[in-house]
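Student: I would like to work through this structure by asking about it. Can we start with the strands and then turn to the ligands?

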Amino acid sequence: MLPINEVFETIQGEACMTGTPSVFLRLQACPVGCPWCDTKHTWALDPARQVAVADMLAKTDDADTWAAMEVDELLATVQAFRARHVVITGGEPALYDLVPLTTLLIAHSYSVQIETSGTHPIRVHPDTWVTVSPKLDMPGGLPVLPEALARANEVKHPVGKPADVERLLGLDLGRVPRSLIWLQPISQSPKATALCVDEATRHGWRVSIQTHKFLGVR
Ligand SMILES: C[S@@+](CC[C@H](N)C(=O)[O-])C[C@H]1O[C@@H](n2cnc3c(N)ncnc32)[C@H](O)[C@@H]1O
Ligand SMILES: Nc1nc2[nH]cc(C(=O)O)c2c(=O)[nH]1
Ligand code: SF4
Ligand SMILES: [Mg+2]
């Protein structure tokens, strides 16, 4: 059973899969506590906020309600959409063992991506594209795991101020090519964006803007 906050079809708005039509599966619960998180409604897993699957699927606005779903039910839900790429996000999806879900989706010819903070072991099918967005010194007090960074196919670092770039430079990113290290301006701030452009240019990294927010889509 996985607690699902929402399922929707859109284009991937961030990092190297940007523009890819995708079905997003957003899992409920996150203990990391980023002050600027744009999905705070996913943090708590409140039993009192559990709803029926149909009610969860009918949601169009952010809410902390969630539905319990088995992997075969999730596959059928994904199959009702047209996109062939599935993004598993949250919340913090690595709280859960995602081997059964990612294996089932890949067996049905979907490409699969996970968005994770790197604070939990990443349990996914080996063919899953892993985007680690490392969360350093956050209120939840959880360290970023070296094993999570070692599994990363790309790193997408949220940046608001110069200290955020310094923290990224302190990580062992040896396995990730520089062209797959992204700086993502926090909350589309012009100041953060200018900083990301400058630092990406300096280090040979790239800038990931949250394109879906500029388009006004989910
Ligand atoms: C909401 S998180 C969910 C997945 C996982 N907990 C994580 O942090 O990667 C998805 C992505 O959104 C980014 N994000 C969250 N709030 C943001 C904000 N205000 N501005 C820019 N990126 C943000 C995160 O850094 C992460 O890359
Ligand atoms: N379009 C779109 N692209 C995204 N890429 C990562 C997202 C996320 O919240 O994990 C996200 C999202 O919420 N919407
Ligand atoms: S780790 Fe992800 S979901 Fe959790 S608070 Fe940070 S950005 Fe939000
Ligand atoms: Mg998002």
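Student: Which residue in S3 is the bridge partner of Leu-2?
Tutor: This is a predicted model, so treat each answer as a statement about the model. S1 and S3 run antiparallel and are joined by three bridges. In S3, the residue that partners Leu-2 is Met-69.

Student: Which strands are the edge strands of the sheet?
Tutor: Nine strands form an open sheet with mixed pairing. Their order is S3-S1-S2-S4-S5-S6-S7-S8-S9. An edge strand here pairs on one side only. That picks out S3 and strand S9 (206–207).

Student: Which element gives the most residues to the largest nonpolar core?
Tutor: In soluble globular proteins, nonpolar side chains tend to be buried together. The largest nonpolar core here has 25 residues. Elements that give two or more residues to this core include strand S1 (2–11), strand S2 (21–27), helix H2 (71–79) and helix H3 (99–107). The top contributor, with four residues, is S2.

Student: How many residues are in the other core?
Tutor: This core lies apart from the largest one. Among its residues are Ala-15, Val-155, Leu-168 and Ile-186. Its count is 18 residues.

Student: Which residues is Ile-4 in contact with, leaving aside its neighbours within four places in sequence?
Tutor: Ile-4 is among the residues with the most contacts inside the largest core. Leaving aside those neighbours, its contacts are Leu-25, Arg-26, Leu-27, Gln-28, Met-56, Trp-66, Ala-67 and Met-69.

Student: Is Gly-13 buried or exposed?
Tutor: Gly-13 is found in the loop between S1 and S2. Leaving out residues up to four places away in sequence, Gly-13 touches Thr-18, Gln-210, Thr-211, His-212 and Lys-213. The cut-off for burial is 20 or more other C-beta atoms within 10 Å. Gly-13 has 22, so Gly-13 is buried.

Student: How many other C-beta atoms lie within 10 Å of Ile-11?
Tutor: Ile-11 lies in strand S1. Beyond four places in sequence, Ile-11 touches Gly-19, Thr-20, Pro-21, Ser-22 and His-212. Ile-11 is partly exposed, because its count of other C-beta atoms within 10 Å is 17.

Student: At which residues does UniProt place the feature "binding site"?
Tutor: The entry is unreviewed. Ile-11 and Gly-13 are both on its list, and they are also around ligand 2 in the model. The full list in the record is Ile-11, Gln-12, Gly-13, Arg-26 and Thr-89.

Student: How many charged residues are in the shell around ligand 2?
Tutor: The residues around ligand 2 include Glu-14, Glu-115, His-212 and Arg-218. One residue of the shell is nonpolar and six are polar. The charged residues number three.

Student: How many polar residues are in the shell around ligand 3?
Tutor: Cys-30, Cys-34 and Cys-37 are among the residues around ligand 3. Glu-92 and Lys-135 are there too. Four residues of the shell are nonpolar and two are charged. The polar ones number six.

Student: Which elements give two or more residues to the shell around ligand 1?
Tutor: 19 residues surround ligand 1. The closest are Asp-38, Glu-115, Ser-117, Ser-133 and Pro-158. The elements asked for are S5 and strand S7 (154–159).

Student: How far apart are the end C-alpha atoms of residues 17–218?
Tutor: An unreviewed UniProt entry annotates residues 17–218 as "domain: Radical SAM core". Over these residues the chain is 28% helix and 19% strand. The end C-alpha atoms are apart by 16 Å.

Key: Residues numbered from 1 in each chain as written. Chains lettered and ligands numbered in written order. Predicted model: local features only at pLDDT ≥ 70, side-chain atom pairs only at ≥ 80, totals over all residues. Near = placed C-beta within 6 Å. Nonpolar A, V, L, I, M, F, W, Y, C, P; charged D, E, K, R; others polar. Core = buried A, V, L, I, M, F, W, Y, C linked by C-beta atoms within 7 Å. Buried ≥ 20, exposed ≤ 12 C-beta atoms within 10 Å, placed from the backbone. Contact = placed C-beta atoms within 7 Å. Pairing = 2+ DSSP bridges. UniProt positions renumbered as here; feature names shortened; annotations may be inferred.
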